[in-house]
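Let's take a walk through this one together. Have the viewer open and follow along as we go.

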Amino acid sequence: MNIVVCIKQVPDPEAPAEMFNVDSEAKRIIPGRGVKGVISPFDENAIEAGLKLKEQHGGQVTTISLGGKGTEDTLKRSLHMGVENAVLLDEESLGSSDSYGTAHALAAGISKLGTYDLIICGRQAADWDAGQVGTGIAEVLGIPCITLVRRIEVVDGPSLRMERLTEDGYEVVNSPMPALVTVTNEINTPRLTTAMAIMAAMSGKIPRWSSQDIDADASRTGAAGTRTRLITLRSPAIDRNCRVVGGETVEEAAVNLALALREDKVL
Amino acid sequence: MIGFSLTEEQLALQTMARDFAEREIKPISLVRDALPDPRDCFQWDIIEKGSQIGIRTLTLDRKYGGFGADSLSTAIVVEELCAGDLGVGVTFAQTLKFVQMIQWMGTEEQCKRFLIPFREDPCFLIAATCTEPDTGSDHMMPYTGLDIGSKTVAVRDGNDWVINGMKHFISASNRSKLLIVFARTDKDKPINQGMTLFLVPVETPGVSFGQVHNKAGERLINNAEVFYDNVRVPNENVLGNVGTGLMDMARLMRSSNAYAGASVLGTARAAYEKALEFAKTRVQGGKPIIQHEAIGMMLAEMFIGLEAVRNIVWKAGWTADNPEYYDPKVASMTKAFASETCFRIVRMAMEIHGGLGIMKEVGMEKLLRDAACFLHSDGTNQMLAIRTGTFLARGI
């Protein structure tokens with residue numbers, strides 16, 4: 001199987017909120033010094049899903065990401081997990097964009113990679129949580145898209161059998177290949193990096209593809225391709241109000257807590 | 001020029017070890033430490049998991065299928081592992097340095113005979129047996145009288161050597177598959193001429209283990225007694241040269257001191273990080289205690305102590321592989337400086353926790369017990385200082 005995994009570098013979502021500044025004027029979020037760029041956590045699940053399928057059915061896994069120079073570190077981490085190839089789509093050349101433009105750029109990059117059986121994305125990136133890029137890529141490439149997948153199997157055909165999360169459980173979905181799947185964190189626990197994979201990655205170089213390299217449509221990528229208009233960006237004002245809920249017994253306190261939460265429309 | 005930036009490879013190994021420590025080592029640390037029987041504190045599962053990601057074979061040469069990490073990179077990894085748990089980290093560190101030792105001193109035939117099975121078996125650990133009830137740090141003394149040193153003897157018999165004696169306090173010996181035995185081969189010569197190293201597989205008839213010592217700290221690695229009762233090994237199992245065992249061990253000290261310093265550094269960093277987090281969230285007198293100058297100053301002192309130790313550990317690790325820059329004074333004092341500084345850091349971290357610091361569930365008292373182990377381990381600090389003093393006196 002030829003599997004492509006789309007990954008994104010995001011500011012470490014585990015970093016405390018006070019390490020970020022919001023520039024409302026420029027409508028930008030500025031991570032503070034010391035906030036590292038990491039693979040968006042759902043994308044690590046996507047890599048793990050790809051590696052597991054490769055181990056079961058053979059083939060290779062390629063990661064692809066749109067970003068700046070720092071994104072190379074993110075792609076390297078995927079190599080250290082056992083991915084064979086990684087490609088960087090140069091954001092300097094392609095320009096920053098929203099989900100629409102990013103989907104077009106990634107779709108062009110994937111097309112340049114050649115044939116593929118499966119594209120895997122995380123369900124959403126941990127910075128903006130938009131969850132639009134995966135479906136966008138599938139739309140551009142004209143392939144089936146199955147979102148919120150918690151289990152993937154390759155069955156006879158070959159085709160895919162998946163469990164897809166719904167609000168009250170899951171549904172089983174079958175799909176031909178090629179297809180695009182977005183995965184949730186329920187699907188697996190991403191593996192650790194290994195010394196062997198680190199050693200293997202040292203000999204390779206990550207290609208950096210420009211807009212021309214992938215024959216990107218300039219009207220659909222970068223600033224020109226942006227379809228989102230950001231009106232305002234600000235830190236949410238948080239009012240803290242501490243209320244102690246008691247009771248004669250622990251049980252009574254628990255009941256009172258539940259009632260208070262319902263009163264406040266939390267439950 | 002001096003550069004302090006790590007290479008891409010070192011950063012990747014550091015991240016790998018840190019993730020492994022966070023995900024696999026930390027969750028078992030306090031639980032295993034609390035078990036009353038010291039044998040139960042050791043866990044094979046963690047060794048196998050470390051093997052799966054290549055930690056156990058990190059120093060194994062690439063020609064034998066390992067990563068071939070240098071001593072600085074290994075020290076960086078050891079710090080991360082020991083930040084998860086000192087005992088687990090030292091279990092790996094011991095094997096990592098003895099693999100280096102075999103590669104440095106062993107013949108090609110010995111490397112193939114012992115290190116290829118080592119590579120293949122995820123539970124293959126290696127221990128060196130040196131310390132005895134009556135001898136340990138005196139191997140480092142600037143004194144070479146016949147009345148000191150190992151009482152374990154090896155006597156030549158045809159093509160074989162027959163080893164008799166007893167060792168104790170030996171790290172991971174009861175869990176290892178290969179023992180490096182430090183034995184006296186000539187009673188009429190001082191220890192710098194009459195000691196020899198032997199490679200002894202644990203299944204060799206006559207090898208047995210006694211009690212597993214019940215230690216205050218570093219409990220996730222076992223330390224045990226080892227008995228050699230007419231243990232017969234061929235001459236091909238001599239590691240290095242007959243009679244030069246002490247000098248060969250000195251070669252090992254170059255990297256060993258860096259790893260020992262890195263080990264206790266990991267413990268101190270774990271204590272510091274817990275104390276820093278606690279100080280930011282614990283409110284007393286209307287504000288987080290880190291905003292009280294007394295606490296802020298303690299944390300500042302702890303921070304720079306860690307930086308100082310890390311710098312000396314990295315230098316010791318680097319010079320271990322760059323003999324033209326090697327300074328035996330730095331090697332000797334690295335462990336002593338690291339263990340004294342780190343013990344103080346952990347004690348301050350415990351004080352910052354106030355009454356909680358002595359509660360077992362918080363884990364600070366465990367870190368203090370761990371840090372205490374390195375005040376004597378790998379040579380007492382006083383003995384290392386004496387040794388360094390003799391270097392200074394001789395103008396070395």
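Start with Phe20(B): its relative accessibility is 0%, so this residue counts as buried. Keep in mind that what you're looking at is a predicted model. Now find Phe92(B), which also comes out at 0% relative accessibility and therefore counts as buried too.

Those two rings make a pair, one of five aromatic pairs over all chains. Their centres sit 6.4 Å apart and their planes are at 75 degrees, so the pair is edge-to-face; the cut-off for that label is an angle over 60 degrees. Trace the backbone and you'll see that this pair ties together distant parts of the chain. Phe20(B) belongs to helix 1 (residues 8-33) of chain B, while Phe92(B) is in helix 5 (residues 86-105), 72 residues apart.

Next, swing over to where chain A meets chain B. Chain A brings 15 residues to the contact and chain B brings 18 residues. Together they bury about 1,300 Å², with carbon and sulfur atoms giving 65% of that area.

What about charges across the interface? Two salt bridges turn up there. In one of them, Asp19(B) partners with Arg77(A), and the closest N and O atoms are 3.0 Å apart. On the chain A side, helix 2 (71-81) and helix 6 (195-202) are the elements that give two or more residues to the surface touching chain B. Helix 6 of chain A gives the most, with five residues. Sorted by class, that side of chain A has seven nonpolar, four polar and four charged residues. As for polar contacts between the two chains, the count is four residue pairs, both residues at pLDDT 80 or more.

Notes:
Residues numbered from 1 in each chain as written. Chains lettered and ligands numbered in written order. Predicted model: local features only at pLDDT ≥ 70, side-chain atom pairs only at ≥ 80, totals over all residues. Heavy atoms only, no water. Contact = heavy atoms within 4.5 Å. Buried area = accessible area lost by both parts, 1.4 Å probe. Salt bridge = Lys/Arg side-chain N within 4 Å of Asp/Glu carboxyl O. Polar contact = N/O pair within 3.5 Å; in protein donor to acceptor, adjacent residues only side chain to side chain. Helix = DSSP H or I, 4+ residues; strand = E, 2+ residues; numbered from the N terminus. Nonpolar A, V, L, I, M, F, W, Y, C, P; charged D, E, K, R; others polar. Phe/Tyr/Trp six-rings, centres within 6.5 Å; stacked < 30°, edge-to-face > 60°. Buried < 20%, exposed > 50% of the residue type's maximum accessible area, 1.4 Å probe, protein only.
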